[in-house]
Amino acid sequence: MAAVTEAPPLAPAPEKKPPRKRGRLVPYWLLLPGILWLIVFFALPMIYQASTSVQTGSLEEGYKVTWHFATYWDALSQYWPQFLRSVSYAAAATVLCLLLGYPLAYLIAFRAGRWRNLIMVLVIAPFFTSFLIRTLAWKTILADNGPVVHTLNNLHILELTNWLGWTAGDRVLATPLAVVCGLTYNFLPFMILPLYTSLERIDGRLHEAAGDLYAKPFTTFRKVTFPLSMPGVVSGTLLTFIPAAGDYVNADLLGSTDTRMVGNVIQTQFLRILDYPTAAALSFILMAAILVMVTFYIRKSGTEDLV
Amino acid sequence: MAFVNWLKRHLVVIAGLITLGYLLLPNIVVTVFSFNKPKGRFNYEWQQFSLDAWKQPCGVADMCGSLSISLQIATLATVGATILGTMIAFALVRYRFRARGAVNSLIFLPMAMPEVVMAASLLTLFLNLGAQLGLDDPDRPHHVLPQLRRGRRQGARDVDGPAP
């Protein structure tokens, strides 16, 4: 609670600016370039893809729009295990990110003192190297005869994870555990940064007030800190879950054929099998699934505003 | 008992530092293995110390050329996303107008889209247009833009006081 005593006095409330009357078109002019960009590079590709997903034909003869909606059903019935896997891996990684990221964000916000900037730099530092290389480094770390696997083996943790079906035999690589670890690692900063932003805005004197009201540290956390950090939790989980569900690099590098996620299927269909309609249909199903889950989550968490 | 108390008081710090270690471990491994002398094609097992990899940074074919292209694209993407994102953020925070909700969801949608879907649809666009994928990768600012807008929005809000 060292930060409490250092809290600056409350800043005077900023004066409200008078509402603008002139220039009704100004916001539209400001929006124009960005929205045009989004239309050309987001809406248009989406429309093209929607049309691709209902086409039939072959690569040699060319594809034609035949409103063949059965592609969606075929894709779903063939690849539902990968969908299920994507969602569960992404959910596991998101929960792990929250559990790992919260203490670090809390540490930076309240306990780091003069180390704050250094730790912030260290959180962002991994971004300075390509994430492909960093993911490959996990291959070395989790290597079959490496220290990590040895330790886990000696502590009999692998027996437990084997029993849970997360690992197989004496290996960690090429198992679900490795893929979830990779996902967690790669998206951890996306969890920490919004959490930190939310935590940092909490007035330290609220902790002091909770203490004055005889709240134990854990009660203070449960009743004051955590509820106030909810916006960060929501945007952090979204920024982790959404890209993790569509990720294919971690499953490709750290997993095996048994850990293929839907992103891997889309990538293979597009680039190797060249079955564009199925790939497009899969993309749309994934997008719809994520939108439904995200909408539900935002409603449930009561945070309409994302930042 | 004193140790348990100490542990209790510093639990957050310890947990935070463990996370930090988890984040930095791969970078440390990459750095260490850059001094390795791999036996075959793969650099997964430690063999012996060597400076070979550091002696010729441009030794690998196309390495430095690709680096310059990467930097060009990154700079273009950053500048583009900053300009477009700041303008949108300004419009959204400072003004109330009818299309606000629609604009907000148009900006949120690309964020709710997994990258592979986004990449797949851009690929479809280019395939349909018969265009060749060249240096100008328009995909990047497109991804950065929504993220940046959120940061800007936060910033603009700080200036303006709490937004309704």
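Two residues are in contact here if their C-beta atoms, placed from the backbone, lie within 7 Å. Keep that in mind for what follows, which describes a predicted model.

By that yardstick, 47 residues of chain B are in contact with 60 residues of chain A. On the chain B side, the elements giving two or more residues are α2, α4 (63-94), α5, α6 (115-129) and α7. The largest share, 15 residues, comes from α2(B). Sorted by class, the chain B side looks like this:

| Class of residue on the side of chain B that touches chain A | Count |
|---|---|
| nonpolar | 34 residues |
| polar | 10 residues |
| charged | three residues |

Now for one helix pair across the two chains. The axes of helix α2 (residues 26-53) of chain A and helix α5 (residues 100-111) of chain B come within 11 Å and cross at roughly 45 degrees, so the two are oblique to each other. Their crossing is left-handed. Chain A brings Leu31(A), Ile35(A), Leu38(A) and Phe42(A) to this contact, while α5(B) brings Val103(B), Leu106(B) and Pro110(B). That makes seven nonpolar residues, with no polar and no charged ones.

How far to trust all this? The predictor gives the complex an ipTM of 0.80 and a pTM of 0.81. Chain B has a mean pLDDT of 75, with 78% of its residues at 70 or more. Among its elements, helix α2 (residues 11-33) of chain B has the highest mean pLDDT (91), and helix α7 (residues 139-160) of chain B the lowest (46). Over residues 131-164 of chain B, pLDDT stays under 50. Where pLDDT is low, the predicted coordinates should not be read in detail.

Conventions: Residues are numbered from 1 along each chain as its sequence is written. Chains are lettered from A and ligands numbered from 1 in the order in which they are written. This is a predicted model: local features need pLDDT of at least 70, side-chain atom pairs count only at pLDDT 80 or more; totals for chains, interfaces and linings use all residues. Axes are lines fitted to C-alpha atoms, for helices over the stretch in contact, and angles run from 0 to 180 degrees between N-to-C directions. Helices (H or I, at least four residues) and strands (E, at least two) are DSSP runs, numbered from the N terminus. Angles under 35 degrees count as roughly parallel, over 145 as roughly antiparallel, 65 to 115 as roughly perpendicular and the rest as oblique. A crossing is left-handed if the near helix is turned anticlockwise from the far one by less than a right angle, and right-handed if clockwise. Ala, Val, Leu, Ile, Met, Phe, Trp, Tyr, Cys and Pro count as nonpolar, Asp, Glu, Lys and Arg as charged, and the others, Gly among them, as polar. pLDDT is the predictor's confidence in each residue, from 0 to 100.
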